[in-house]
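Biologist: I'd like a close look at one turn in this model, please. Start there, then work outwards to whatever it connects to, and finish with the metal site and any odd backbone spots.

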Amino acid sequence: MRSQNPPLKYALSASLFGLAFICSVAWSKDWPVKVGGTQTDDSGGYYGGSTTTPIIAFNPSQLSINVGDTVTFTNQGGAKHNVHADDNSWRCAAGCDATGGNGDPSAAGWTSTVTFNTAGTVKFHCDEHQAMGMTGTIVVNSVAAPQGKAITNTTSGVWYDHTQSGQGFMVEILPGNVFLAVWFTFAPQAATSQQNWLYIQGSFSPGDDSVTVAPVTGNARSGVLLNTGAAFPPNFSSTNLTTTQWGTMKFDFDDCNHATVTWNSPLPGYGVGTMNLERLAGVDGLTCQ
Ligand SMILES: [Cu+2]
């Protein structure tokens, strides 16, 4: 079976932070369910191949999902169908009754999405064809609250906010519990915007799932550092370089692929902010578990 994953490394080399959804890992997932239809996917199904006989079924009819996930039902046609919870908590076709739609059975090419926020087993059916076995079951599993993920060498990699693709962090965990990151971003004023990067170096205690990097007086190698004043080689001269303590940044790691960064800078134009981060890439040979 061929892998359907995109070639991640190739994509990364094409544009480090410019790809919005390469490995975007969402908190919740949408599960597609086909409703009815007129022939089976493999042309060899239970009605004997390419046939116009209506399929009186949901596909899949059994799902195991997590709290917060959604299920999108899409009518494939062939007959009037809808999708109706056995406990009557929702009924959908051209939209859901509870949210202003019309859950009456319809042969149109309708799509409806239902969100499951409560753990348990949800049985559902089509009003037209329940007696013919057009039923299904969704097991909604409870999900533990996000736990912090201790910072280790496997935290190293590329992290970004997919809603703000085009900037992001390279993170490296160095020996001695040293947290090093570089934020490749831009200057605050769009009109004069230019590439800008912040060098972030601090330390954490083993087992910590967060690290705070605060200004360090008199140490030009720790803290959140903004370097300005120098130019591209051959015009670069370190004597032109001005290193400024930028402010404070805190990284909170939720799991292997999710983190939050918050910041507070007294420098003009930066201020206070936060971003949700996702891992875009890891380091070869270091697998976070
Ligand atoms: Cu039906």
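**A turn and its surroundings**

Modeller: Let's begin with N177, which sits in the loop between β12 and β13. Keep in mind that this is a predicted model. N177 has a positive phi of about 60°, although this residue is not a glycine. It counts as partly exposed because its relative accessible area is 29%, which falls between the 20% and 50% cut-offs. The turn also holds G176, with a positive phi of about 80°. Together, β12 and β13 make a hairpin with 3 residues between the strands.

Now follow the two arms away from the turn. Strand β13 covers residues 178-186 and pairs with β12 in the antiparallel sense, over 7 bridges. One place to look is M170, which stands opposite V182 in β13. On the other side of the story, β12 (residues 168-174) is also joined to β11 (residues 157-160), by 3 bridges, and that pair runs antiparallel too. There, G157 faces V171 in β12.

M170 comes up again at the surface. Along with F184 and W197, M170 makes a nonpolar patch of about 280 Å². Strand β14 (residues 195-203) is where W197 sits. With a relative accessible area of 41%, W197 is partly exposed, so this residue clears the 30% needed to join a patch. As you trace these strands on screen, it helps to know that side chains in a regular strand alternate between the two faces of the sheet.

On to the metal. The copper ion is coordinated by H81 (ND1), C126 (SG), H129 (ND1) and M134 (SD), at 2.0 to 2.8 Å. Along the sequence, the spacing of these donor residues reads H-x44-C-x2-H-x4-M. What shape do the 4 donor atoms make around the copper ion? The arrangement is tetrahedral because the donor atoms subtend angles of 86 to 132°, and the limits for that label are 85 and 135 degrees. Two of the donor residues can be placed by exposure. C126 is buried, at 0% relative accessible area, and H129 is buried as well, at 9%, since the cut-off is under 20%.

There is also an open sheet of 4 strands, in the order β2-β1-β4-β8, with mixed pairing. Its edges are β2 (58-59) and β8 (111-115), each of which pairs on one side only. Strand β1 (residues 30-35) is joined to β2 by 2 bridges, in antiparallel fashion, and K34 stands opposite N59 there.

N59 leads straight into the backbone oddities. A cis peptide bond joins N59 to P60, with omega about -5°, and P60 lies in the loop between β2 and β3 (62-66). Another cis bond joins P233 and P234, with omega about 10°. P234 is in the loop between β16 (223-228) and β17 (242-253).

Finally, back to where we began: N177 has a non-glycine counterpart with positive phi. N88 has a phi of about 70° and is found in the loop between β5 (83-85) and β6 (91-93). While N177 is partly exposed, N88 counts as exposed because its relative accessible area is 56%, over the 50% cut-off.

How values were computed:
Residues numbered from 1 in each chain as written. Heavy atoms only, no water. Pairing = 2+ DSSP bridges. Donors = N, O, S within 2.8 Å, 3.2 Å for Na, K, Ca; no water. Tetrahedral: all angles 85-135°; square planar, octahedral: opposite > 155°, others 65-115°. Buried < 20%, exposed > 50% of the residue type's maximum accessible area, 1.4 Å probe, protein only. Patch = residues over 30% accessible without salt bridge, like charges linked within 9 Å, V, L, I, M, F, W, Y side chains within 5 Å. Areas by Shrake-Rupley, 256 points an atom, 1.4 Å probe, with all protein chains shown as cover. Salt bridge = Lys/Arg side-chain N within 4 Å of Asp/Glu carboxyl O.
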